[in-house]
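Okay, thanks for coming, everyone. I'll put the structure up and then talk you through a few bits of it.

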Amino acid sequence: MSLWMNVRARWQATSAREQRLLLIAAALVTLALLWLVAVAPALAVLKSAQGQHLALDAELQHMQQLQAQAQALQALPTLDAGEMQRALQASVKPLGSVAQMAQQMDRVTVTLKGVSALALAQWLSNARQNAHAVPSEVHLKRSAAATWDGAVVFTLAAQ
């Protein structure tokens, strides 16, 4: 309590002009602290909100497109193992001699040698759409000639 009394006594000892200047200085310090703690961070968030909103809208649109693609693929009729095998064989034919297909029980292995990235992407897309086949294993390496070598394994539907 003596500290408070000491401060109060000093305050009363100062002139009215000094008291007014001290109050103005205290108000300025309070306003500066309020700005630094509350207003400036809120303004920074407000400035960045529009950009974040646009980025999130774009991400949402992309996710909705992916969802629509997934739903379209799920709506496709299922094929039995024989139909899947024939459709895979038909999808491999356009690749020519760079692709060899072998079947062991319910697994079809497509061995690739020197396939371009574009041809590989188109073939995988074709296999997914026409044969309704998704690779269960993929072992691919990129060669020095910017082509792909390796094997893609599909598991056929149960007969």
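I'll start with the sheet, move on to the helices packed on it, and finish at one glutamine.

One thing before we go in: this is a predicted model.

So, the sheet. Four strands make up an open sheet, and the order across is S1-S2-S4-S3, with antiparallel pairing. Which strands sit at the edges? S1 and S3, the latter being residues 135-142, since each of them pairs on one side only. If you ignore direction, neighbouring strands here are turned against each other by 10° on average. As a general reminder, strands of a sheet pair through backbone hydrogen bonds.

Let's take the pairs in turn. S1 and S2 are antiparallel, with 6 bridges between them, and if you want a register marker, Ala102 has Thr109 in S2 as its bridge partner. The hairpin joining S1 and S2 has 2 residues between the strands, and there Met105 takes a positive phi, near 55°. Over on the other side, S3 and S4 are joined by 7 bridges, again antiparallel. A handy marker for that pair is His139, whose bridge partner in S4 is Ala151.

Now the helices. H3 lies across S1, S2 and S4, and runs at about 165° to S1. H4 lies across S2, S3 and S4, and its angle to S2 is about 155°.

Let me stay with H3 for a minute. It covers residues 81-92, so that's 12 residues, and at 1.5 Å a residue you'd expect a span of 16 Å; the end C-alpha atoms are 16 Å apart, which agrees. Which residues of H3 are buried? Ala81, Met84, Gln85, Ala87, Leu88, Ser91 and Val92. Looking down the axis of H3, those buried residues fall within an arc of 165°, so they line one face of the helix. And what covers them? The cover includes strands S1 (99-104), S2 (107-116) and S4 (147-155), plus helix H4 (117-130).

Last stop, Gln19, which is in helix H2, residues 16-75. What does its side chain reach? The backbone oxygen of Trp11, at 2.7 Å. Setting aside neighbours within four places in sequence, Gln19 is in contact with Trp11, Gln12 and Thr14.

That's my tour, so over to you for questions.

Terms used. Residues are numbered from 1 along each chain as its sequence is written. This is a predicted model: local features need pLDDT of at least 70, side-chain atom pairs count only at pLDDT 80 or more; totals for chains, interfaces and linings use all residues. Side-chain values use heavy atoms; hydrogens and water are left out. The expected span of a helix is 1.5 Å times one less than its number of residues. Buried means under 20% relative accessible area, exposed over 50%, partly exposed in between (1.4 Å probe, protein chains only). The arc is that of the directions from the helix axis to the C-beta atoms. Contact means heavy atoms within 4.5 Å. Two strands pair if DSSP finds at least two bridges between them. Axes are lines fitted to C-alpha atoms, for helices over the stretch in contact, and angles run from 0 to 180 degrees between N-to-C directions. A polar contact is a pair of N or O atoms within 3.5 Å; within protein, one must be able to donate a hydrogen and the other to accept it, and residues adjacent in sequence count only if both atoms are side-chain atoms.
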